[in-house]
Amino acid sequence: MRILISNDDGYLAPGIVALANALREIAEITVVAPDSNRSGASNALTLDRPLSVQRADNGFYFVNGTPSDCVHIALTSLMPVLPDLVVSGINQGQNMGDDTLYSGTVAAATEAFLFGIPAIAFSQVDKAWSHLDSAARIAREFAQRDFARFSRPFLLNVNIPNVPYAEIKGTRATRLGKRHVSEPVIQATDPHGRQIYWIGPPGAAKDAGEGSDFHATSENYVSVTPLQVDLTNYSQIHDLARDLT
Ligand code: MN
């Protein structure tokens, strides 16, 4: 089995090192990740400048671009044989509910999915990098599943509670929860007296009910949400067409 690994926290992040070490035991791995933390990059591709690829001492490739750039370059240029699976993460922090739209971790997996390759995004719920061994073990178990009922390609969003492996209660198939609108931006003044803005934290969970990703992880279950890319609101097409006549 060949597995391409990427992330959005950068090639030096503990999460991608743990993921690579866990998957090296079961597959031929290639790691291509951003040279710096690109969390929140979503599906951005870099179109206004060329990109370069360098190789670190540990064999990881790093790119001065986004997570989507990394997977795009890996699949179209760096890998002579396409991988059987692309994994992203393990992200520092959850990617649940509406967060998935902004996530570079999910985006790296989505880029592979758009190329027709099965892909899984892995995130840890808390940002502490705690119990990474537990999360890496769970990621390896996912990579070894055959998902026989799924048509190919599939795109899975996995969120893992930061607890010891023995405290994980199991795995639940979930829907994305929903959040309230984001908290306000944080305003400050820079040393030159100019107004600056930091994007604030996301809103509190609005739909964290039974069956949601928020609910599963809050009860120490691994949450797995099958994702799709088509944003069309099919239920509105008919009414829209009538309004347009
Ligand atoms: Mn991240």
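The radius of gyration of the predicted model is 19 Å. A compact globule of 245 residues would have a value near 18 Å, so the two agree. The C-alpha trace spans about 55 × 50 × 45 Å along its principal axes. Six helices and 13 strands make up the secondary-structure elements of the protein.

Burial and contact range were examined next. Of the 245 residues, 47% are buried. The exposed surface of the protein amounts to about 12900 Å². Carbon and sulfur atoms supply 52% of that area. Contacts were also sorted by sequence separation. Among those between residues at least 6 apart in sequence, 75% join residues at least 24 apart.

Aromatic rings form six pairs in the structure. One of these joins tyrosine 11 and phenylalanine 62. Their ring centres lie 4.2 Å apart, and the planes differ by 5 degrees. The pair is stacked, because planes under 30 degrees apart count as such. Tyrosine 11 belongs to the loop between β1 (2–6) and α1 (14–24), whereas phenylalanine 62 belongs to strand β4 (residues 61–63). The pair therefore ties together parts that are 51 residues apart in sequence. Both tyrosine 11 and phenylalanine 62 are buried.

Phenylalanine 150 and phenylalanine 154 show another geometry. Their ring centres are 5.4 Å apart, with the planes at 75 degrees. This pair is edge-to-face, because the angle cut-off for that class is over 60 degrees. The burial of the two residues was also computed. Phenylalanine 150 has a relative accessible area of 32% and is partly exposed. Phenylalanine 154 has a relative accessible area of 7%, so phenylalanine 154 is buried; the cut-off for burial is under 20%. Phenylalanine 150 and phenylalanine 154 also belong to a cluster. Ring pairs link them there with Phe122, Phe142 and Phe147.

Arginine side chains also meet aromatic rings. Phe142, a member of the ring cluster, has arginine 145 over its face. Arginine 145 lies at 5.2 Å from the ring centre of phenylalanine 142. Tyrosine 165 has a charged partner as well, arginine 137. The charged end of arginine 137 sits over the tyrosine 165 ring, 3.5 Å from the ring centre.

Conventions. Residues are numbered from 1 along each chain as its sequence is written. This is a predicted model: local features need pLDDT of at least 70, side-chain atom pairs count only at pLDDT 80 or more; totals for chains, interfaces and linings use all residues. Side-chain values use heavy atoms; hydrogens and water are left out. Rings of Phe, Tyr and Trp (its six-membered ring) pair if their centres lie within 6.5 Å; planes under 30 degrees apart count as stacked, over 60 as edge-to-face and the rest as tilted. Helices (H or I, at least four residues) and strands (E, at least two) are DSSP runs, numbered from the N terminus. Buried means under 20% relative accessible area, exposed over 50%, partly exposed in between (1.4 Å probe, protein chains only). A charge sits over a ring if NZ of Lys or CZ of Arg is within 6 Å of the ring centre and within 35 degrees of the ring normal. The radius of gyration is taken over C-alpha atoms; the globule rule is 2.2 Å times the number of residues to the power 0.38. Contact means heavy atoms within 4.5 Å. Accessible areas come from the Shrake-Rupley method with a 1.4 Å probe; for residues, only the protein chains shown count as cover.
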